[in-house]
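User: Hi, I am new to this structure and would like a close look at one part of it. Could you walk me through the salt bridges, and then through the helices and loops around them?

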Amino acid sequence: VHARNKPLAEDVSLAELAKATGGFTGADLENLINEGALLAARKNQKFITMQDLKDAEIKVIAGPEKKSRVIPEHERRLTAYHEAGHAVVMHALPDQDPVTQITIVPRGQAGGMTISLPEEDRSYLSKRYMEDQIVGLLGGRVAEKLCLGDISTGASNDIEQATKLARAMITRYGMSDDFGMVALETVNNQYLGGDTSLACSAETAAKIDRDVVAMIGDAYKKAEAIIKENRTAMDALATYLLEKETITGEEFMDILGKQEQNA
């Protein structure tokens, strides 16, 4: 619909683009096509290429590149290992969405980004999927610790997301063995993204905190085991990211495939 009157190059595959943009709204897709057209126009092209649309895709998801920012080499290396950690761990988890792009180019508030998109729209999320999502979120911090021997503030958003998800599983989704099918948290104005509030005793709240810490701890150990097992692939991927800065899901799979052949 949105590409109907746009001059597309022969290499453009709308089917491939659809697979990479599962979960996008109509407005997101319209924005993507328009951004692709703008990128092509800036390069004085007569047609919108597939690369233009891929560049537009990440811009819609993460915002424009911060090209003016000068990044120290040690920070680039840390970001490369951090994002490689996310990608390798997510790939090793069978219930996670496929990695479609990895970049160490700063965008918005992020120093880098690993993008994984669902191949189909979802109405519900399973417990296993959310547990693995937490493991994937912690992959960056684990990679920093294991591969560089230090940790940074770059994992702050990952930690926040993982903690929120673990807490919601326990307090709202009935996915805790200790509390079962009991709603321990209420959402105020949930359709407007309102705040949440606990509806339980102080003793129960303390138990919830302990369970959240335990869930995050288990996820960390799982991510740690995956990265230790795939250390060679981690190094290869980080090196490639430092050279190319942005790679596609196909390039990511090629790197992993070569490492498996050499193993």
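Analyst: **Salt bridges and their surroundings**

Let's start with one pair: in this predicted model, D95 and R128 bring their side chains together in a salt bridge, with 3.9 Å from N to O. The two partners come from distant parts of the chain, 33 residues apart. D95 sits in the loop between α4 (73–92) and β1 (99–103), while R128 belongs to helix α5 (residues 127–148). How open are these two residues to their surroundings? D95 has a relative accessible area of 28%, which makes it partly exposed. R128 reaches 56% and counts as exposed, because the cut-off for that class is over 50%.

This pair is part of a wider set, since ten salt bridges turn up when the whole structure is searched. Next comes the pair of R167 and D209, whose side chains meet at 2.8 Å from N to O. Here two helices are involved: R167 lies in α6 (residues 156–171) and D209 in α7 (residues 202–229), so the salt bridge ties together parts that are 42 residues apart in sequence. As for exposure, R167 is partly exposed at 23% relative accessibility, and D209 is partly exposed too, with 38%.

How do the helices that carry this pair meet? The axes of α6 and α7 come within 9 Å and cross at roughly 125°. Angles over 145 degrees would count as roughly antiparallel and 65 to 115 as roughly perpendicular, so α6 and α7 are described as oblique to each other. Their crossing is right-handed.

Helix α6 also packs against α5, the helix that holds R128. The axes of α5 and α6 are 9 Å apart, and the packing angle is about 160°. That angle lies over the 145 degree cut-off, and therefore α5 and α6 are roughly antiparallel to each other. The crossing of α5 and α6 is left-handed.

What follows α6 along the chain? A loop runs between α6 and β3 (185–187), and V182 is found in it. V182 is partly exposed, at a relative accessible area of 42%. Its C-alpha atom is 9.1 Å from that of I170, a residue twelve places away along the chain.

Now for a salt bridge inside a single helix. The side chains of D235 and R231 meet at 3.1 Å from N to O. Both residues lie in helix α8 (residues 231–244), four residues apart, which is about one turn of the helix. Why does that spacing suit a side-chain pair? An α-helix has 3.6 residues a turn, so residues three or four places apart point the same way. D235 is partly exposed at 25% relative accessible area, and R231 is partly exposed at 32%.

Beyond α8 comes a loop that leads to β5 (246–248), and E245 lies in it. E245 takes part in a network of salt bridges with E73 and R76. E245 is partly exposed, with 32% relative accessibility. The backbone of E245 has a feature worth a look as well: its phi is near 75°, a positive value in a residue other than glycine. Why mention the sign at all? Most residues other than glycine have a negative phi, so a positive one is worth pointing out.

A second residue of this kind is N44, with a positive phi near 55°. N44 follows helix α2 and is found in the loop between α2 and α3 (50–62). With a relative accessible area of 71%, N44 is exposed.

That brings us to α2 itself, which covers residues 26–42. With 17 residues, α2 reaches 25 Å from its first C-alpha to its last, close to the 24 Å expected at 1.5 Å a residue. Which residues of α2 are buried? They are L32, I33, E35, G36, L39 and A40. Looking down the axis of α2, these buried residues fall within an arc of 160°, so they line one face of the helix. On the other side of α2, A27 and R42 are exposed.

To sum up the tour, D95 with R128 links distant parts of the chain, R167 with D209 joins α6 and α7, and D235 with R231 stays within α8.

Conventions
Residues are numbered from 1 along each chain as its sequence is written. This is a predicted model: local features need pLDDT of at least 70, side-chain atom pairs count only at pLDDT 80 or more; totals for chains, interfaces and linings use all residues. Side-chain values use heavy atoms; hydrogens and water are left out. A salt bridge is a side-chain nitrogen of Lys or Arg within 4 Å of a carboxyl oxygen of Asp or Glu. Buried means under 20% relative accessible area, exposed over 50%, partly exposed in between (1.4 Å probe, protein chains only). The expected span of a helix is 1.5 Å times one less than its number of residues. The arc is that of the directions from the helix axis to the C-beta atoms. Axes are lines fitted to C-alpha atoms, for helices over the stretch in contact, and angles run from 0 to 180 degrees between N-to-C directions. Angles under 35 degrees count as roughly parallel, over 145 as roughly antiparallel, 65 to 115 as roughly perpendicular and the rest as oblique. A crossing is left-handed if the near helix is turned anticlockwise from the far one by less than a right angle, and right-handed if clockwise.
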